[in-house]
Amino acid sequence: TFYPVARLAVAAPRYAGIFPQLGSFESSWELVYWRSNYGSQIQRIRDIALEGVWSLEVMCPPYAYPGTRVSDFPKDWSAYNTLRFGVYNPATDTLELHLRIDNEMKATPCIHSFYRSYSIYPGWNRRSLHTEDITQAIGCAPRSIRSCIFFLRRPKRTITFYLDDVRLSKE
């Protein structure tokens with residue numbers, strides 16, 4: 001068994017080498033940083049991809065706030081202007097995807113979390129978030145970001161979506 005702490009120790013230098021990419025899913029070691037929430041199942045899947053060959057499949061059961069989170073990446077986002085990501089919706093109806101970004105909030109006067117919702121239409125959707133929006137919402141520069149969570153709010157049935165090309169950009 002390869003324990004999570006050991007996996008992070010092995011993968012950390014790799015992540016530092018690709019940051020500001022948070023998820024291209026072209027390498028299996030990226031899954032060390034991505035976790036499922038509330039009974040969801042995540043896996044790399046081939047051939048449904050916005051960039052490259054792989055994406056992250058997120059299967060969300062009808063329960064609370066299912067989805068996926070990424071953490072343990074470099075925490076200072078202040079040098080970047082935009083968080084960009086692609087979401088594929090295989091269904092025929094629009095999906096409401098929620099994004100939560102958590103700040104470490106150690107001894108700062110900052111608000112702990114930032115929320116945004118996105119309408120995800122059938123097929124591939126490119127979405128972005130200006131880091132200035134995060135700064136305004138939490139009350140300080142994004143220098144201590146702890147996690148980034150993509151989730152659904154109490155789906156009535158199992159819903160699957162795919163993430164790809166999750167990255168920070170200076171554009």
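The exercises below work through a predicted model of a single chain.

**Exercise 1. The chain as a whole**

Task: State how many helices and strands the chain has, and in which pattern they follow one another.

Solution. Step one is the count: two helices and eleven strands make up the secondary structure. Step two is the order, which reads α-β-β-β-β-β-β-β-β-β-α-β-β along the sequence. Step three turns to burial: 44% of the 171 residues count as buried. Step four looks at contacts with a separation of 6 or more, where residues 24 or more positions apart account for 72%. Last comes the surface, with about 8500 Å² exposed by the chain. Carbon and sulfur atoms supply 51% of that area.

**Exercise 2. The open sheet**

Task: Find the order of the strands in the five-stranded open sheet, and name the edge strands.

Solution. Start with the order, β2-β5-β10-β7-β8, in which the pairing is antiparallel. The edge strands, each pairing on one side only, are β2 (34-37) and β8 (113-120). From one strand to the next, the twist averages 20°.

Next, take one pair from inside this order. Strand β7 (residues 95-103) is joined to strand β10 (residues 145-151) by six bridges, in the antiparallel sense. To locate the pair in the viewer, use H98, which stands opposite F151 in β10.

Finally, add the helix. Helix α2 (residues 131-138) lies across β7 and β8, and runs at about 135° to β8.

**Exercise 3. The partners of β11**

Task: List strands that pair with β11, with the number of bridges for each.

Solution. Work through the partners in sequence order.

- Strand β1 (residues 21-23) runs antiparallel to β11 and is joined to it by two bridges. Here Q21 stands opposite R167.
- Strand β4 (residues 54-60) pairs with β11 in the antiparallel sense over five bridges. In this pair V58 stands opposite F161.
- Strand β6 (residues 82-89) is also antiparallel to β11, with six bridges between them. The bridge partner of V87 in β11 is L163.

Then check how covered β11 is: nine of its eleven residues are buried.

**Exercise 4. Two residues of β9**

Task: For G123 and L129, decide whether each is buried or exposed, and find what each contacts beyond its sequence neighbours.

Solution. First, place the residues. G123 is in strand β9 (residues 123-130), and L129 is found in strand β9 as well.

Second, apply the cut-off for buried, which is under 20% relative accessible area. G123 has 18%, so G123 is buried. L129 has 0% relative accessibility and therefore counts as buried.

Third, set aside neighbours within four places in sequence. G123 is then in contact with V87, Y88 and N89. For L129 the contacts are N81, T82, L83, L99, I101, F114, R116, Y118 and I134.

Fourth, compare sequence distance with distance in space. L129 and T82 are 47 residues apart in sequence, but their C-alpha atoms are 5.5 Å apart. G123 and Y162 are 39 residues apart in sequence, with 9.9 Å from C-alpha to C-alpha.

**Exercise 5. Positive phi outside glycine**

Task: Y38 and D165 have positive phi values without being glycines. State where each lies and whether it is buried or partly exposed.

Solution. Take Y38 to begin with. Its phi is about 45°, and it is found in the loop between β2 and β3 (41-46). With a relative accessibility of 44%, Y38 counts as partly exposed.

Now take D165. Its phi is near 55°, and its place is in strand β11. A relative accessible area of 9% makes D165 buried.

**Exercise 6. The largest pocket**

Task: Give the volume of the largest pocket and describe its lining.

Solution. The volume is about 260 Å³. The lining consists of 17 residues, and D93, T94, L95, R157 and I159 lie nearest the centre of the pocket. Sorting by element, those that give two or more residues to the lining are β7 and β11 (159-169). The largest share, three residues, comes from β7.

Methods: Residues numbered from 1 in each chain as written. Predicted model: local features only at pLDDT ≥ 70, side-chain atom pairs only at ≥ 80, totals over all residues. Heavy atoms only, no water. Helix = DSSP H or I, 4+ residues; strand = E, 2+ residues; numbered from the N terminus. Buried < 20%, exposed > 50% of the residue type's maximum accessible area, 1.4 Å probe, protein only. Contact = heavy atoms within 4.5 Å. Areas by Shrake-Rupley, 256 points an atom, 1.4 Å probe, with all protein chains shown as cover. Pairing = 2+ DSSP bridges. Axes fitted to C-alpha atoms, helices over the stretch in contact; angles between N-to-C directions. 1 Å grid on protein atoms, 1.4 Å probe; cavity = no way out; pocket = protein on both sides within 12 Å on 5 of 7 lines; lining within 4 Å. Points joined across faces, edges and corners; volume = space filled by probe spheres on them.
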